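Okay, thanks for coming, everyone. I'd like to walk you through one protein today, so please have the viewer open and follow along with me.

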Amino acid sequence: MQTHVRGLFRSFGLAIAVATLSINVAAEETRELSSQALTISAPAVTTQFQQLLERRDFGDRPIEITDFQGRTLIRDAQTPELQAREALPTLNATRTASQLIVRPTGTVTVRLTSEPIDLPGGVAVTRFDEAASAVSEGWFQPTLEASPVPAVWDNSLGRYRMRLSLGLRGDNLPAGATLQQPVTVQFGFRGLNADPFEAVTLERAGIENEIHLEFLFLPTTEQPVLELRSAITDIDYPIEAMPRIALRPVNDSMVGLGLGETQVRVVRLQPDGTEANVLTNQRATVEVTSGGAIPEPSLLNFQEGDTHFTLHSRGLEDVTVRVTAGAHSDTVTIPQRFPTTPVLAALLGGAIGGFSRRFSRGASGGSGVTRVAEGLAVAIIAYVAGVLGVGYLGLPAAVVGTEAGAFLTGALTGFAGVTVIEMLGKRLTPAT
């Protein structure tokens with residue numbers, strides 16, 4: 001009986017020891033399986049990730065691996081080991097497929113090109129069989145294309161124009177492959193003015209699923225930047241734009257009917273609008289596309305400093321002039337106006353000048369109305385001649401074209417003209 005009891009206690013103690021050991025082993029196993037190192041739970045998975053990451057050139061930049069919920073694993077750039085930052089569900093043999101985001105840490109600077117380029121980062125696709133060994137692997141690779149590069153100036157819009165194409169390229173993936181969760185891409189701007197883009201959603205691979213954006217912008221600094229932010233990658237794109245030329249008339253309008261002219265400056269501008277006349281030994285053509293004005297000269301040589309031409313009016317139609325220098329061009333429209341106020345001033349001066357002849361010594365007995373009419377006729381002729389630089393008054397055409405100059409011209413020529421008309425009338429009238 002004592003032996004039986006002693007055997008019972010021995011068996012009970014052994015059971016307790018086995019149970020305790022089992023609990024410890026189970027606890028250790030649970031700790032390892034729920035830990036954040038994939039090397040413990042599935043070595044084949046880790047090997048596959050290492051091979052998968054080696055297919056992308058991340059340089060010396062550290063990268064991070066996340067799931068679509070934002071939980072992150074980090075891979076050191078110098079070692080292929082995977083380490084955990086936050087709790088990530090362990091990949092095991094029961095999971096047949098997984099998509100994980102692989103992206104460089106921080107913000108990467110990338111130059112835009114006119115050819116589609118693969119952006120840093122992507123979505124790695126891993127597949128496993130029941131033995132936790134790799135069956136296939138692939139990537140969703142975000143791509144971006146810009147056209148043209150550098151951006152060109154649009155005269156009609158007064159802004160630079162560029163077309164952006166954003167999409168996903170499938171690497172070793174079936175046609176029409178889809179992300180397990182759409183990725184939202186947002187854009188921001190730095191150093192430029194542009195209408196904001198709406199958020200873009202990427203989900204399917206393939207050229208037919210690309211998103212096309214019309215990018216119209218105006219730089220405000222020497223180096224504008226387009227910012228792209230998403231769960232896959234954060235990228236800054238320095239924007240390149242071509243310099244442009246601009247036409248800057250000295251006057252907003254000019255007197256028509258061949259009576260006016262204006263000078264037009266031709267300046268070269270950097271993309272941010274600052275002047276930079278450095279186009280040396282380059283020729284430009286001046287062309288009037290509408291209206292009857294005449295440019296002088298019609299062929300320009302760009303030099304350091306100021307380049308300009310003079311536009312002589314013809315008729316009353318608004319004048320549109322275009323200057324082209326190689327790939328650069330600009331157009332400006334200059335209204336032509338009827339010289340209403342100068343003409344009225346000249347007529348008023350002519351009327352006063354002609355009527356004042358009545359009070360001078362030696363004046364004939366003609367009526368005041370006649371003298372006013374004669375003064376008006378002489379004044380308007382003298383005004384036109386003075387504006388065109390023809391006449392003996394010696395007044396500059398620019399002075400005659402003003403209201404005060406036109407009045408003075410009308411008054412002097414009105415008085416003198418009536419006097420001459422009276423003298424001619426006396427000579428032509430036979431003596432009684």
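Let's start with how far we can trust the picture. This is a predicted model, and its mean pLDDT is 76, with 70% of the residues reaching 70 or more. Take residues 1-42: the pLDDT there is below 50, and this stretch has 21 contacts in the model beyond near neighbours in sequence. Residues 76-96 also stay under 50, and for them the model has 52 contacts beyond four places in sequence. So please keep those two stretches in mind as you turn the model around.

Now the overall build. The protein has 432 residues, and 39% of them are buried. I count 7 helices and 25 strands. If you take contacts between residues at least 6 apart in sequence, 63% of them join residues that are at least 24 apart.

On to the inside. In soluble globular proteins, nonpolar side chains tend to be buried together. Here the largest nonpolar core has 40 residues, and the ones touching the most other members are Phe140, Leu164, Leu166, Phe187, Phe215, Phe217 and Tyr237. Which strand gives the most to this core? That's strand S9, residues 159-171, with 5 residues. Zoom in on phenylalanine 140 for a moment: leaving aside residues up to four places away in sequence, its contacts include Gln99, Val123, Leu168, Arg169, Leu179 and Ala205. There's also a second, separate core, made of 18 residues, with Ala293, Leu311, Val321 and Ala325 among them.

Next, empty space. How many cavities of 30 Å³ or more does the structure hold? Just 1. The largest cavity has a volume of about 40 Å³. Around the largest cavity you'll find Leu119, Pro142, Leu166, Val185, Leu202, Leu228, Ser230, Ile232 and Thr233. By class, that lining has 7 nonpolar residues, 2 polar ones and no charged ones. You've met Leu166 already, by the way, as one of the well-connected members of the largest core.

The largest pocket is another story, with about 500 Å³ of space in it. It's lined by 24 residues, and Val255, Leu259, Gly260, Glu261 and Gly401 are the closest to its centre. Four elements give two or more residues to the lining: strand S17 (254-255), helix H4 (340-356), helix H5 (368-387) and helix H6 (397-400). The largest share comes from H4, with 3 residues. By class, the pocket lining has 11 nonpolar, 9 polar and 4 charged residues.

Let me finish with two single residues. First up, glutamine 69, in the loop between strand S1 (63-66) and strand S2 (72-75). Is glutamine 69 buried or exposed? Its relative accessible area is 52%, and since exposed means over 50%, glutamine 69 counts as exposed. Its C-alpha atom is 9.9 Å from that of alanine 231, although the two are 162 residues apart along the chain.

The other one is phenylalanine 415, in helix H7, residues 403-428. Phenylalanine 415 has a relative accessible area of 31%, so it's called partly exposed: buried would need under 20%, and exposed over 50%. Its C-alpha atom and that of serine 356 are separated by 6.8 Å, with their positions 59 residues apart along the chain.

Okay, that's my tour. Who wants to drive the viewer next?

Methods. Residues are numbered from 1 along each chain as its sequence is written. This is a predicted model: local features need pLDDT of at least 70, side-chain atom pairs count only at pLDDT 80 or more; totals for chains, interfaces and linings use all residues. Side-chain values use heavy atoms; hydrogens and water are left out. A nonpolar core is a set of buried Ala, Val, Leu, Ile, Met, Phe, Trp, Tyr and Cys residues joined through side-chain atoms within 4.5 Å. Buried means under 20% relative accessible area, exposed over 50%, partly exposed in between (1.4 Å probe, protein chains only). Contact means heavy atoms within 4.5 Å. On a 1 Å grid over the protein atoms alone, a cavity is a set of points where a 1.4 Å probe fits but cannot get out, and a pocket is an open set with protein on both sides within 12 Å along at least five of seven lines; lining residues have an atom within 4 Å of a point. Grid points are joined across faces, edges and corners, and a volume is the space filled by probe spheres set on the points. Ala, Val, Leu, Ile, Met, Phe, Trp, Tyr, Cys and Pro count as nonpolar, Asp, Glu, Lys and Arg as charged, and the others, Gly among them, as polar. pLDDT is the predictor's confidence in each residue, from 0 to 100.
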